[in-house]
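Biologist: I have not seen this structure before. Please take me through it, one question at a time.

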Amino acid sequence: MDLARTVSLVQHALLLALSVAAPALLASALVGLVIGLLAAPLRLGDPALTAVPRLVVVAGVVTLSAAWGAGALSQFARYVWASIPAWVA
């Protein structure tokens with residue numbers, strides 16, 4: 001396997017990992033921001049106040065995007081598996 005193919009494969013894998021994780025990360029950040037903006041003026045400092053809604057929203061987003069993420073990862077795995085003979089030769 002030459003260097004260009006290796007770099008391309010790693011780049012594709014990293015972009016895939018980022019795109020699969022992005023919905024949950026963005027949802028977590030958005031919920032944290034909203035809860036923080038609501039809790040600050042009310043002077044609420046309970047850590048569970050931000051953790052529980054974040055956990056619920058992230059679990060929902062992961063559940064909704066699981067089929068898409070699994071499909072993308074499966075497609076990438078099939079590509080890698082089918083490309084092995086070309087890389088070895």
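Biologist: How many helices and how many strands are in the protein chain?

Modeller: A caution to begin with: this is a predicted model. Helix α1 covers residues 3–42, and helix α2 covers residues 47–88. In total the protein chain has two helices and zero strands.

Biologist: Is the protein chain a compact globule or more spread out?

Modeller: The C-alpha atoms fill a box of roughly 65 × 25 × 15 Å along the principal axes. For 89 residues the globule rule gives 12 Å, and the radius of gyration, 19 Å, is well over that. The chain is therefore more spread out than a compact globule.

Biologist: What percentage of the 89 residues is buried?

Modeller: A residue counts as buried when its relative accessible area is under 20%. The accessible surface of the chain comes to about 6,500 Å², with 76% of it on carbon and sulfur atoms. The buried share of the 89 residues is 17%.

Biologist: Which helix supplies the largest share of the largest nonpolar core?

Modeller: That core has five residues: L9, L16, A72, F76 and W87. Both α1 and α2 supply at least two of them. The largest share, three residues, comes from α2.

Biologist: Which residues is L16 in contact with, leaving aside its neighbours within four places in sequence?

Modeller: L16 belongs to the largest nonpolar core. Two of its contacts, A72 and F76, are also members of that core. The full list is A72, L73 and F76.

Biologist: What kind of aromatic pair do Y79 and W87 form?

Modeller: The structure holds one aromatic pair. The ring centres of Y79 and W87 are 6.5 Å apart, and the planes stand at 80°. Planes over 60 degrees apart count as edge-to-face. So the pair is edge-to-face.

Biologist: Is Y79 buried, partly exposed or exposed?

Modeller: Its partner W87 is buried, at 10% relative accessibility. Y79 has a relative accessible area of 47%. Values between 20% and 50% fall in the middle class. Y79 is therefore partly exposed.

Biologist: Which backbone oxygen does the side chain of S83 reach?

Modeller: S83 lies in helix α2. With a relative accessible area of 12%, S83 is buried. Its side chain reaches a backbone oxygen at 2.8 Å, and that oxygen belongs to Y79.

Conventions
Residues are numbered from 1 along each chain as its sequence is written. This is a predicted model: local features need pLDDT of at least 70, side-chain atom pairs count only at pLDDT 80 or more; totals for chains, interfaces and linings use all residues. Side-chain values use heavy atoms; hydrogens and water are left out. Helices (H or I, at least four residues) and strands (E, at least two) are DSSP runs, numbered from the N terminus. Buried means under 20% relative accessible area, exposed over 50%, partly exposed in between (1.4 Å probe, protein chains only). A polar contact is a pair of N or O atoms within 3.5 Å; within protein, one must be able to donate a hydrogen and the other to accept it, and residues adjacent in sequence count only if both atoms are side-chain atoms. The radius of gyration is taken over C-alpha atoms; the globule rule is 2.2 Å times the number of residues to the power 0.38. Accessible areas come from the Shrake-Rupley method with a 1.4 Å probe; for residues, only the protein chains shown count as cover. A nonpolar core is a set of buried Ala, Val, Leu, Ile, Met, Phe, Trp, Tyr and Cys residues joined through side-chain atoms within 4.5 Å. Contact means heavy atoms within 4.5 Å. Rings of Phe, Tyr and Trp (its six-membered ring) pair if their centres lie within 6.5 Å; planes under 30 degrees apart count as stacked, over 60 as edge-to-face and the rest as tilted.
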